[in-house]
Amino acid sequence: MNRCKVRLAAGTLVAVITFSGLHIDTMAAGKVTSVLPAGGANLSLMKDVSLESISPDDLLASSQIESTLSIADIPDLAAATTVADLGQSEEETFKNLVIAQVNRYVNVRSIPSEDGDIVGKLYDDSVGSLIKVENGWYQITSGNVTGYVKAEYCVTGDAAIELAKQVGTRLATVNTETLFVRMEPTTESGRLAMVPGGEDFLVIDETDGWVKINVEEGDGWVSKEFVEIRTEFVEAESKEEEELRLAKEEEERRKAQEAARASRAAQESQNQETASAPTQPVNTEYSVGEGSELGVAVAEYALQFVGNPYKWGGTSLTEGADCSGFVLSVYANFGVSLPHSSKADRSQGYAVDGLENAQPGDLICYSGHVALYIGNGQIVHASNKKTGIIVSNADYKRILAIRRIF
């Protein structure tokens, strides 16, 4: 399943939003995740399936393309849009969305006919912008794809408003270097946490001047002055993008596997030379589930550090690390370089379709947080200053993405 995301900034109503011709940065992806984002990650087997909504390679579809495009990046529209509360103007904009409601995907065709060439795929709960209605077909633009989808497999207009709120992901990005999260929407309130600039956080609630976001310490409030608020939707993928993504994913997977094997071989050689040196035992209190050899090794290695401290901005597995620093350092032991950012981790490797398909070693991404999956529905992560590095249930809060490196 292959998807990309668009950021729809709240603002004045735009009758027709045209994205065709714009560049979208494609990131390595894999099988669709539950999130960041992105609504509609959980496929509904109860929905109608037809020949139009499933192509011959349907059973082979196993990945997702993730990209983002902000409406503010479009010169003709930037002046007419402002970041605002989720209100009437954005709801009216949602009416212009076309949202797929199918088992897996509906083909986007070159003409309003099943005889038309397939130019892309619009996945379940993914969105496009309506251009016109023609003989039971919607002409849409979505990502780099412009074409026609059968109207019977999509919703638009008033029906799209509430559905858009469900399938979209409301996010706030911190636009200052650091930002205090407060327990109540006032500067007089106590501080719940401090978060870094550039990170995305799930929006829970909004007032005139404040927004409630989800952080590792709980739900708290930040001033709207210091965040950019948007709603992200998943978009269509063109045939060309799918081919490029699959090739890129395979190459990155191969490189990661080679780096990990080379790193392990070097470590084994070093261990043989210093056989008398003490080694840290694997934590046997938690069981690691089944998965790839390398993924299991990553999970087992990470568990050695349970109980060690959390440290803001840290990357030391023994002296202290934050969430992304912990993940970064664990994978560095296997020769794999990851960014020191939970937001950036959501684009690493390729996506996995739901927690039920996660394997040890996968990155589990949350609102402003990232963890390592160890199997059996559990994660190991540098949680916060109070708890340090711990093991938790993977579904302890909403998952925004699941990424596989190997």
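Let me start with A382, which stands opposite I389 in strand β23, in what I should say at once is a predicted model. The two strands concerned are β22, covering residues 378–384, and β23, and they pair in the antiparallel sense over six bridges. If pairing is a new idea to you, strands of a sheet pair through backbone hydrogen bonds, either parallel or antiparallel.

Now let us step back to the sheet that holds this pair. Six strands form an open sheet, and if you read across it the order is β19-β24-β20-β21-β22-β23, with antiparallel pairing. Which strands stand at the edges? They are β19, residues 350–351, and β23, residues 388–393, and because each has a single partner strand, one side of each is left without a neighbour in the sheet.

Two helices lie against these strands, and I would like you to find both of them on the screen. Helix α5, residues 293–303, packs on the sheet and touches β21 (369–375), β22 and β23, while its direction makes about 110° with that of β21. Helix α6, residues 323–332, lies across β20 (363–366), β21, β22 and β23, and runs at about 45° to β21.

Staying with β21, please look at G375, which lies in that strand. Is G375 buried or exposed? It counts as buried, because its relative accessibility is 2%, and the cut-off for that word is under 20%. Leaving aside residues up to four places away in sequence, G375 touches G289 and P360. G375 and G291 are 84 residues apart in sequence, yet from C-alpha to C-alpha they are 8.3 Å apart in space.

That separation leads me to the chain as a whole. Among contacts between residues at least 6 apart in sequence, 70% join residues at least 24 apart. The chain has seven helices and 24 strands, and of its 406 residues, 55% are buried. Its accessible surface comes to about 17,400 Å², and carbon and sulfur atoms account for 49% of that.

Next come the cysteines. How many disulfides does a search of the whole structure find? The search finds zero. C365, for example, is in no disulfide, and the nearest cysteine sulfur, which belongs to C323, is 9.4 Å away. For comparison, the two sulfur atoms of a disulfide would have to be within 2.5 Å. C365 counts as buried because its relative accessibility is 0%, and C154 is buried as well, with a relative accessible area of 8%.

Let me turn to the hairpins, beginning with β6 and β7. Strand β6, residues 137–142, is joined to β7 by six bridges, and the two run antiparallel. One pair to look for is Q139 and its bridge partner in β7, Y148. The hairpin has two residues between its strands, and G143 in the turn has a positive phi of about 65°. Strand β7, residues 145–150, has five of its six residues buried, so it is largely enclosed by the rest of the structure.

A positive phi deserves a short pause, since most residues other than glycine have a negative phi. Two residues that are not glycines nevertheless have a positive value here: D125, at about 70°, and N135, at about 50°. D125 is found in the loop between β4 (118–123) and β5 (127–134), whereas N135 is in the loop between β5 and β6. As for their surroundings, D125 is buried, with a relative accessible area of 9%, while N135 is exposed, at 71%.

The other hairpin I want to show you is made by β13 and β14, with two residues between them. Six bridges join β13 to β14, residues 218–223, and the strands run antiparallel. Within this pairing, the bridge partner of V215 is G218 in β14.

I will finish with N214, which lies in β13, residues 210–215. N214 counts as buried because its relative accessibility is 13%. Which residue does the side chain of N214 meet in a polar contact? The partner is D219, and the contact between the two side chains is 2.8 Å. Not counting residues up to four places away in sequence, N214 touches F201, L202, I204, D219, S367 and K397.

Note on methods. Residues numbered from 1 in each chain as written. Predicted model: local features only at pLDDT ≥ 70, side-chain atom pairs only at ≥ 80, totals over all residues. Heavy atoms only, no water. Buried < 20%, exposed > 50% of the residue type's maximum accessible area, 1.4 Å probe, protein only. Helix = DSSP H or I, 4+ residues; strand = E, 2+ residues; numbered from the N terminus. Pairing = 2+ DSSP bridges. Contact = heavy atoms within 4.5 Å. Axes fitted to C-alpha atoms, helices over the stretch in contact; angles between N-to-C directions. Polar contact = N/O pair within 3.5 Å; in protein donor to acceptor, adjacent residues only side chain to side chain. Areas by Shrake-Rupley, 256 points an atom, 1.4 Å probe, with all protein chains shown as cover.
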